[in-house]
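Good morning, colleagues. I should like to take you through one structure today, beginning with its interior and then turning to its sheets and its charged pairs. Please keep the display in view as I speak.

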Amino acid sequence: MASLKDVARVANVSLMTVSRVLNDPKRVKPETLSRVQEAILQLNYVPDLSARQVRRVGSRNKTIGVLALDTVTTPFSVEITLSIEETARAYGWNSFVVNMFTDDNPDDIVDLLLAHRPGGIIFTTMGLREVNISPRLLEHPCVLANCENTGEPVASYIPDDEQGQYTAVQALLAAGYRRPLCLHLPVNHLATLRRRKGLDRACREANINPDTLEHCYMQYGDEHYRDIPDILLAYLERGQPQFDSVICGNDRIAFMVYQTLLTRGIRIPQDIAVLGYDNLVGIGNLFLPPLSTVQLPHYEIGRLSTLHIINGESHREKVLVDSPRLLRESF
């Protein structure tokens with residue numbers, strides 16, 4: 001990798017001149033500026049941003065380090081990191097991402113992140129969950145996106161799952177459906193617990209006892225999405241559904257429900273209504289008919305978390321981000 005000295009040698013100028021070209025080009029003569037820029041292109045020189053931050057004593061570091069636990073490596077939460085980068089750029093900041101995988105040593109990943117000397121840190125996860133934040137990260141401006149700390153309070157931005165489920169089920173019941181089959185995510189998942197509260201509240205307001213409904217909970221693991229057809233078929237008698245709608249824990253469950261019902265000639269929504277959750281990136285509108293669901297506000301979570309760092313906010317509260325219902329054609 002080319003260094004600052006290499007650029008100075010090829011351009012036949014001093015290190016100070018190369019530094020001026022990078023940091024204050026207006027102070028450099030046009031012919032010298034051109035010569036140094038040609039050397040930079042020739043050598044494919046890339047400035048060391050972390051070293052530049054060290055040299056800017058007294059100035060604010062405008063780099064956000066993103067520690068991503070399963071966020072970038074799956075399609076489900078990619079909008080969080082996309083939003084962080086776009087928001088940072090819009091405010092004259094930049095960002096970098098350090099991925100952390102399940103088998104990584106957390107201390108090693110923290111070392112790697114802090115070696116880049118970020119001006120702020122966003123810890124983000126795929127799927128709402130509780131995390132144990134390293135105390136070393138909390139020595140810096142730090143915010144959580146789509147997760148909550150198990151220890152001392154840390155500012156976090158998370159989906160308002162209870163209200164999101166409430167408004168969606170409210171719309172389903174208002175459309176006349178009274179006997180939903182409820183296919184939930186795993187029972188102790190944070191999102192499951194909160195969405196169940198929203199479902200129960202909507203049912204009680206509609207004079208339906210939620211405990212009289214059929215509730216089925218997935219087991220942990222993606223392989224268990226393949227269990228959904230058998231669960232669903234258990235509630236058919238002589239090919240006829242014993243429910244008038246299906247409330248799905250997420251859009252992936254809804255996808256399995258669609259396949260199972262439609263292959264048996266059961267029409268959506270004429271025979272059975274279906275409600276999803278998540279608005280899975282690039283998928284929701286591809287259901288036939290388009291799936292009514294709830295938007296997980298990943299982009300807004302990323303934006304608010306980034307502004308938390310940029311604006312120097314110091315609160316340690318949990319902020320619930322609106323999860324709007326998206327009513328399409330499945331009921």
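Which residues have the most contacts inside the largest nonpolar core? Before I reply, please note that this is a predicted model. The residues in question are Leu183, Leu232, Val246, Ile253, Val257, Leu261 and Val274, and the core to which they belong has 24 residues. Two or more residues of this core come from each of strand 6 (180-184), helix 9 (228-233), strand 10 (245-248) and helix 10 (251-262). Helix 10 gives the most, with six residues. As a general remark, nonpolar side chains in soluble globular proteins tend to be buried together.

Let us take Val257 as an example. Leaving aside residues up to four places away in sequence, Val257 touches Leu183, Ile228, Leu232, Val246, Cys248 and Val274. Another core, of 19 residues, lies apart from the one just described; among its members are Tyr166, Leu172, Ala206 and Ile247.

I now turn to the domains. The assignment divides the chain into domain 1 (2-52), domain 2 (61-158 + 296-322) and domain 3 (160-293). Between the C-alpha centres of domain 1 and domain 3 the distance is 60 Å.

Next, the sheets. One open sheet is formed by six strands in the order 2-1-3-4-5-13, with parallel pairing. At its edges are strand 2 (94-100) and strand 13 (318-321), each of which pairs on one side only. From one strand to the next, the twist averages 20°.

We may walk across part of this sheet, strand by strand. Strand 1 (residues 63-69) pairs with strand 3 (residues 120-131) in the parallel sense, over six bridges. Here Ala68 is found opposite Thr124 of strand 3. Strand 3 is in turn joined to strand 4 by seven bridges, and the two run parallel. Thr124 has Ala145 as its bridge partner in strand 4. Moving on, strand 4 and strand 5 are paired in the parallel sense over two bridges, and Ala145 stands opposite Tyr157 in strand 5.

Is strand 4 largely enclosed by the rest of the structure or largely open? Eight of its eight residues are buried, so strand 4 is largely enclosed. Helix 8 (residues 190-205) lies across strand 3, strand 4 (142-149), strand 5 (156-159) and strand 13, and runs at about 65° to strand 3.

There is also an open sheet of four strands, in the order 7-6-10-11, again with parallel pairing. Strand 7 and strand 11 (273-275) are the edge strands, each pairing on one side only. In this sheet the twist averages 15° from one strand to the next. Strand 6 and strand 7 pair over four bridges in the parallel sense, and His184 has Tyr217 as its bridge partner in strand 7.

Finally, the charged pairs. How many salt bridges does a search of the whole structure find? The search finds 15. I shall discuss several of them.

The first topic is Arg136 and Asp111, which form a salt bridge with their closest N and O atoms 2.6 Å apart. This pair links distant parts of the chain, 25 residues apart: Arg136 is in the loop between strand 3 and strand 4, while Asp111 is in helix 6 (residues 106-115). Arg136 counts as partly exposed because its relative accessibility is 32%. Asp111, at 38%, likewise counts as partly exposed.

Now consider Arg195 and Asp161, whose side chains meet in a salt bridge at 3.2 Å, N to O. Arg195 belongs to helix 8 and Asp161 to helix 7 (residues 161-174), so the pair ties together parts that are 34 residues apart in sequence. Are these two partners buried or exposed? Arg195 is buried, with a relative accessible area of 6%. Asp161 is buried as well, at 2%. The cut-off behind this reading is a relative accessible area under 20%.

A further salt bridge joins Asp222 to Arg252, with the closest N and O atoms 3.5 Å apart. Asp222 lies in the loop between strand 7 (214-217) and helix 9, and Arg252 lies in helix 10, so this pair ties together parts 30 residues apart in sequence. Arg252 is partly exposed, its relative accessible area being 25%. Lastly, Glu148, Arg194 and Lys318 are joined into one network by salt bridges that share partners.

Thank you for your attention.

Key:
Residues are numbered from 1 along each chain as its sequence is written. This is a predicted model: local features need pLDDT of at least 70, side-chain atom pairs count only at pLDDT 80 or more; totals for chains, interfaces and linings use all residues. Side-chain values use heavy atoms; hydrogens and water are left out. A nonpolar core is a set of buried Ala, Val, Leu, Ile, Met, Phe, Trp, Tyr and Cys residues joined through side-chain atoms within 4.5 Å. Buried means under 20% relative accessible area, exposed over 50%, partly exposed in between (1.4 Å probe, protein chains only). Contact means heavy atoms within 4.5 Å. Two strands pair if DSSP finds at least two bridges between them. Axes are lines fitted to C-alpha atoms, for helices over the stretch in contact, and angles run from 0 to 180 degrees between N-to-C directions. A salt bridge is a side-chain nitrogen of Lys or Arg within 4 Å of a carboxyl oxygen of Asp or Glu. Domain bounds come from an automatic or database domain assignment.
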